[in-house]
Amino acid sequence: MKQIKIPKLAVWKFTSCDGCQLSILDLEDHLLEIGQRIEIAYFLEASSRKVKGPYDISLVEGSISTPEEEETIHKIRKQSKFLIAIGACATAGGIQALRNFRDVAEFQKIVYPNPEYIETLKYATPISHHVRVDLELRGCPINKTHVLEVISALLIGRKPSLPHHSVCIECKKRGNPCILVSKGILCMGPVTSAGCGAICPAYNRGCYGCFGPSESPNLHAFISLAQRLGITNSTLIHALRSFNAFADSFREASIYLEASEES
Amino acid sequence: MEPKAYILARESFEALLQSLKSRGYTLIGPTIRDDVLWYAEIQSVEDFPIGWTDVQGPGQYRLQKQDRDTLFGFTVAANTWKSFLFPPRLLLWRSKRTENGIEFEQPTRSIPKLALIGVRACELAAIQVQDRVFLQQEFVDPEYQARREQAFILAVNCGTAAATCFCTSLGTGPKASNGYDLALTELPDGKRLLIEVGSEQGDEVIQDLPVHPAKPADLQEAEQVIQNTVSQITRELQTEGLQTFLYAQYENPHWDEVAKRCLTCGNCTLVCPTCFCSTVEDRSDLSGDLAERWRTWDSCFSLEFTYLHGGPIRTSAKARYRHWLLHKLATWIDQFGTLGCVGCGRCITWCPAGIDLTEEVRSLQRLAHREVDHAKS
Ligand code: SF4
Ligand code: SF4
Ligand code: SF4
Ligand code: SF4
């Protein structure tokens, strides 16, 4: 068998909660083998060992929220052959992107006794707003099996199999009845990307939208359906403004709803 | 020849279930789960949703308790029999890289012998539609075939209809006409079941049971049940000339209107008892030595469904909805010689947006006529 050069992997962190990195560490049964197949060259959450770049694969967690981060992400891009943004922060700005809807200077004044020490950007933004991203793994947090899938696929040069259709399709394949229809529960499934395996509807909870907008979300139709269910606009705005609040279609819909609330 | 018909006392229904069980069948029948009617494995009549009924409407579903102790006082369940004959996820093969090259291995699984308890006439028609797809084309699906050939079908003639039912427009119900082993009608006194025999297997099962031959009056009573159900059906789909009509509607402006409401969520295809699409997913492990190919349900509402070199073909919601409706009601006929719709109403109930294909067809017709009127004036 042909021995291929062992690829080098780096895991980076920007503004985030570390949950996605923990999901990688949570691949317990596979970590040893991953360590044999690829060199974990930089992963501070796991080890203080730092091997210099360039890297074959970079996994990037977190959103870009400070001027320093803005600089660093460009350096990382230059050192990375294949850059993968992981999680809602890196792919949509994350929960901290909620500040994008308000004046960040106001927040600084309210939260910090000495706001002048805080250096922050006006917006918390996904990695793709700054550099070219080769692949995005959605979710808050990511689905650890997607990490395994992507690494396994890259190692043999095949296309990773990651779904982008609605959660509903996963929900039906899992054998859940639709709780939106049977119980009138607000479920973000019809506009959210699959990836979690429709966990929440399986436990009679509406989908929270952790994996962000699906490949073709129709927010216009979703707003009408929520209104038909008797969901108030403010509840709907809250549902849209969570982990993926700043993702294009969710953001536009919540801004539209907010404007129609005010008028 | 008239089908043989018998009367079975309602309290002996359990004997029928147990007779099937003793013949090695796994019983799949109606249950209640998470506030919906759901076909699942059952052990006895105890698992039945006795006295429950369903209230369905576009994008709406609720269960209701009735004051009658009916066994089958509801209509079609939220899920379909296809989940058992055409499972949502199936491992097709595994491969292993060895010293001597790649070895392929077909999974060995024991195919369960299923008795489907309470198959409605429209659902039976849907199974026959899928038979055409999986068994009567150039390539036969061995997995479907194995499940289907062993299956015992206990049909139920509907004693009630939901607001979403329109089997009468398609000639598929509410009475099962063929393709069952036994067909049952719950008579109005709640004490007797009329059972019609449709196959040798059905006949054998009947031999085990404390039945007596049905009298003409019993048959009349059963017929009355069916007529009563027919009179409850209000939804309609005009099928005459529909295929030709739809083929001429490529540019009908109504597609844009329905696209505004369609979430492209795919529910309508996955709850449909006739939709048969699947995709394959290839997996490999970290070593690259083991690979697996899985078959899973697919939907023409996903973008990947039409992915060709360079991108998907049906990108807009309009194109996807139009494709769906046209497949169900027009191209299916060219492909398989029947409609792809049996009138069960599931796509209407389980569409979160409450889109109703019978309404959409009427809207298309209205707009088309308006255009014709315009052209004339
Ligand atoms: S429960 Fe939610 S995810 Fe599941 S089918 Fe209904 S809307 Fe879609
Ligand atoms: S309607 Fe769509 S999912 Fe259903 S059989 Fe046709 S192409 Fe397949
Ligand atoms: S298209 Fe709708 S009504 Fe027709 S068989 Fe499918 S789910 Fe039932
Ligand atoms: S018609 Fe309804 S169920 Fe079908 S994809 Fe559109 S919104 Fe979803």
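Start the tour at the lining of the largest cavity, where the residues split into 12 nonpolar, three polar and no charged. (Nonpolar here means Ala, Val, Leu, Ile, Met, Phe, Trp, Tyr, Cys and Pro; charged means Asp, Glu, Lys and Arg; the others, Gly among them, are polar.) Before you click on, note that this is a predicted model, in which local features need pLDDT of at least 70, side-chain atom pairs count only at pLDDT 80 or more, and totals for chains, interfaces and linings use all residues. Residues are numbered from 1 along each chain as its sequence is written, chains are lettered from A and ligands numbered from 1 in the order in which they are written, and side-chain values use heavy atoms, with hydrogens and water left out.

**Stop 1: the largest cavity and ligand 4**

Select B:Cys262, B:Cys268, B:Tyr321, B:Cys351 and B:Ile355: of the 15 lining residues, these lie nearest the centre of the largest cavity. Two elements of chain B, helix 10 (267-270) and helix 11 (317-336), give two or more residues each to that lining. (Helices are DSSP runs of H or I with at least four residues, strands are runs of E with at least two, and both are numbered from the N terminus.) The space inside comes to about 130 Å³, and the structure has nine cavities of 30 Å³ or more. (On a 1 Å grid over the protein atoms alone, a cavity is a set of points where a 1.4 Å probe fits but cannot get out; a pocket is an open set with protein on both sides within 12 Å along at least five of seven lines; lining residues have an atom within 4 Å of a point. Points are joined across faces, edges and corners, and a volume is the space filled by probe spheres set on them.)

What takes up the largest cavity? Show ligand 4, since the space it takes is that very cavity (more than half of its atoms lie within 2 Å of the grid points). Residues around ligand 4 include B:Leu263, B:Thr264, B:Phe301 and B:Pro352 (a heavy atom within 4 Å counts as near). This shell has nine nonpolar, three polar and no charged residues.

**Stop 2: ligand 2**

Stay on chain B and show ligand 2, with B:Cys275, B:Cys277, B:Cys300, B:His323 and B:His327 among its neighbours. Helix 11 of chain B gives the largest share of this shell, five residues. By class, the shell holds seven nonpolar, three polar and one charged.

**Stop 3: ligand 1**

Now go to ligand 1, which lies between chains A and B. Around ligand 1 you can pick out A:Cys168, A:Cys171, A:Cys178 and A:Cys187, among others, along with B:Asn267. Helix 7 of chain A supplies the largest share, four residues, and helix 8 (179-183) of chain A supplies at least two. The shell divides into nine nonpolar, two polar and one charged.

**Stop 4: the largest pocket**

Which residues should you select to find the centre of the largest pocket? Try A:Ser161, A:Leu162, A:Pro163, B:Glu281 and B:Arg283, the closest of the 50 that line it. The pocket has about 1600 Å³ of space. Strand 13 of chain B gives the most to the lining, with six residues. The lining includes 16 nonpolar, 16 polar and 18 charged residues.

**Stop 5: the two domains of chain A**

Finally, colour chain A as domain 1 (8-156) and domain 2 (167-262), with bounds from an automatic or database domain assignment. Their C-alpha centres lie 25 Å apart. Each domain puts 18 residues into the contact (heavy atoms within 4.5 Å).
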